[in-house]
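Thank you all for making the time this morning. I would like to walk you through the side-chain contacts of one structure, going slowly for anyone who has not looked at it before.

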Amino acid sequence: MRRETCPKKQTYLVLIIRLFSLVFVPHPPYLALPPVDLLEEAVPRVDQLPAGVSLVYDSHSHVHAFTFARDASDIYLRADRLLTGCQFFPYEFSVFMSMRMIRSPRREECLLSLYDEGSRQRVVSVVLSHDRLVFQFKDKRYKFRNNAYRDKKWHTYGFSMAADSVAMTTDCRDKRVRSVHTPFPNFLPLANTSFSLGRCKNHRTVFQGMLKDVILVAGADAVVRACPPKQTIRQGLDNIIKTFPGEMPSFLRALSAPTCYNPLPTFSTGPSQCEWTDVGNIAYDIYASKLKVCVNGVWREVSIGTEKRKLDYFVQHQQIDTGAESLDVEVFTIPDEGRFAVFANAAFGAGRPSVSTLFKWVNDRFELYQRLETNAAQSWEFFEIKSQFFLAVANYGNSTAEQANSTIFKWRKKRKKFRAYQQLPTWTARDVEHFTIGDQHYLAVANHAQGDKNLVDSVIYLWEEREGVFREQQRIMTVGAYDWTHFTVSGFHFLAVANAFTGQTTLTDSALYFFRDDTFVQFQTMETNGATDWEFFTIGDEVFLAVANAYNYGPQNYLDVDNYATNSTIYRLNQSKRVFEKYQSIPTYSAIDWEYMRLGEDHYLIVSNAQNGGEGQQLLSMVYRWQGVERFVPVHAMATLPNADLDAFSDGDNVYVVSASAKSATSQLLRVKFV
């Protein structure tokens, strides 16, 4: 039995640009139904948005997308508006969704559903949980484990319903297929079906990410055709972009003319031409993975974003009253709450304030939000575990002879405040570093000294899921440790420790550790001189580590002069030898922190200056730019307040650097001025 043919429609689809990387060409009116953007059909105008639904601009990805408040209405669309002239819903179809998750879902969130209003049941739905996507067909759930959306980047997911299976792809990769127990109904009346987007009927939880596209394609396994096999990328400029290499696939040639019963959209199997009549058209080259525009008969790459902007200089944007001297600043964002900055106030002695200050970003300025109890705080670390948000502080304490607990604070969503959650026993802690390996969460604490001993154990803690606390996992002997930095290279995990002082000299070895068999083992040592910070960054395929050497004391400086004048070092990974080698030595003064920053195609390193003595140029904070074979070259010398830590962030088109003042209760917020 066959369904009736849809009336012919005078439809010409010139070009559709979607993340699933297909280029469509004009087709005659008697061929298939074109793909349909459900969001565009449901919300043709911005002023027709349902209650609680917003259209926002993602400045990082340069796209507009829909977001949903927790009490938002769904975006509703009747199916018979899409397939006019057809009596029944296609029994084979595919759906493509482009979305970005802001946070990992705490409970299942329904993204899309096809609802049968006659039976008052969901026929098909797509649901997200914290680690998987679920395709639900009637009462059966087909689970696809997927952690891609945890990176908070844009991804495109495709689901295809065929006769006896459902297939899923992620960004045209990792195709997986599940067999279905019951085929999709051949005769599902269009008049009784509707789509719900963002919030599904009979489902309590609203989708809390950003949704850009929901594309419905009528036909058998469009996911496969949306992700054709990769071919060798053609060198140079060309005036064609191919959709299928070589001959038309046999499964396409064999298919008959599409109808409502067999609704196959026609995809171009030939080249998409760039001729004079096509100037201005945009296409996504699925083989080169680049967006291109037709210019004078040639497909040329499209440059998007701020890459053309050049750093000109820095200006003071705000002075921040932190209440005490600060050794560290941590800038972070809590979804649905905003951006914050927390300062580590390192006041010592009786009568000095024992609190650190948390600020919230309001109208392009930081305003005091909360005071947190600390004990000579040295550094802060923000992290997230399954949609729970934490701040960990490394407390130095009042004396090296006394143990001082460092504190983990947890964000209370109802009160919208941080509250003390767990205490970690530490000795003169200088730094705390959070990192993940697989699904495991770790905290590394740098213990500086115990009494008159600088050779002490620093501790790595592991998050215990059942107990909801961190437990000691491993101890590593360190020498006056000042900083831990975690980084990955080719999927391998490393920890770098900055060892600052042996008790007799600052000239000692700092070390890199490599994660193997659930433990960290020593990988390499580098000679440092009062090391206080490691900064990891990459430029193209090159991997770098920069160490800030802060103080020169010991036999190597037997005259005990110019203690704060040192050489800080940048190391580069020799990938064939698998070892970091000295790349460049930079004279620094009172250097405590490096901050890497990329603006467009330019790479910068900013070094802090705590201004411990010195004069003239020795009191300036320096900015270095990477210039290829010239390596890092000084390009700016900034007259700032004494600073111990720097943290860069962007807000819209603006780029800022927060400077934590080491010698006063006033810290600075600097803003980049672009050419």
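**Salt bridges, rings and cores**

Let me begin with a single residue, Glu472, which counts as partly exposed because its relative accessibility is 44%. Please keep in mind throughout that what we are looking at is a predicted model. The side chain of Glu472 meets that of Arg475 in a salt bridge, with 2.9 Å from N to O, and Arg475, at 47% relative accessibility, is likewise counted as partly exposed. These two residues do not stand alone, since a network of salt bridges links Asp457, Glu472 and Arg475.

Side chains of opposite charge can pair when their charged atoms come close. How many salt bridges does a search of the whole structure find? The search finds 11, and I would like to show you two more of them.

In one, Glu108 and Arg141 meet through their side chains at 2.5 Å, again from N to O. Glu108 sits in the loop between strand E5 (93-100) and strand E6 (109-116), while Arg141 belongs to strand E9 (residues 140-145), so that the pair links distant parts of the chain, 33 residues apart. Glu108 is partly exposed, with a relative accessible area of 26%, and Arg141 is partly exposed as well, at 35%.

In the other, Lys310 forms a salt bridge with Asp602, and their closest N and O atoms are 3.3 Å apart. Because Lys310 lies in the loop between strand E19 (298-301) and strand E20 (311-321), and Asp602 in strand E42 (residues 602-607), this pair ties together parts that are 292 residues apart in sequence. Lys310 is partly exposed, with a relative accessible area of 38%, whereas Asp602, at 12%, is buried, because buried means under 20%.

Let me turn now to the rings, of which the structure holds 44 aromatic pairs. Why is the pair of Phe340 and Tyr369 called edge-to-face? Their ring centres are 5.3 Å apart and their planes stand at 70 degrees, and an angle over 60 counts as edge-to-face. Phe340 is in strand E22 (residues 338-345) and Tyr369 in strand E24 (residues 365-373), so this pair, too, links distant parts of the chain, 29 residues apart. Phe340 is buried, with a relative accessible area of 0%, whereas Tyr369, at 21%, counts as partly exposed.

A further edge-to-face pair is formed by Phe544 and Tyr583, with 5.1 Å from centre to centre and 70 degrees between the planes. Phe544 lies in strand E38 (residues 542-549) and Tyr583 in strand E40 (residues 579-589), 39 residues apart, and both of these residues are buried.

Both tyrosines also have a charged side chain over the face of the ring: Lys417 lies over Tyr369, at 4.3 Å from the ring centre, and Arg631 lies over Tyr583, at 4.5 Å. Tyr369 is moreover part of a cluster, in which ring pairs link it with Phe332, Phe340, Phe382, Phe389, Trp411 and Phe418.

Finally, I come to the nonpolar cores. The largest has 51 residues, and Leu38, Phe135 and Phe184 are those that touch the most other members. Leaving aside neighbours within four places in sequence, Leu38 is in contact with several residues, including Leu77, Leu112, Phe195 and Val214. Another core, of 17 residues, lies apart from that one, and among its members are Ile539, Ile570, Tyr624 and Phe632.

Conventions
Residues numbered from 1 in each chain as written. Predicted model: local features only at pLDDT ≥ 70, side-chain atom pairs only at ≥ 80, totals over all residues. Heavy atoms only, no water. Phe/Tyr/Trp six-rings, centres within 6.5 Å; stacked < 30°, edge-to-face > 60°. Helix = DSSP H or I, 4+ residues; strand = E, 2+ residues; numbered from the N terminus. Buried < 20%, exposed > 50% of the residue type's maximum accessible area, 1.4 Å probe, protein only. Lys NZ or Arg CZ within 6 Å of the ring centre and 35° of its normal. Core = buried A, V, L, I, M, F, W, Y, C linked by side-chain atoms within 4.5 Å. Contact = heavy atoms within 4.5 Å. Salt bridge = Lys/Arg side-chain N within 4 Å of Asp/Glu carboxyl O.
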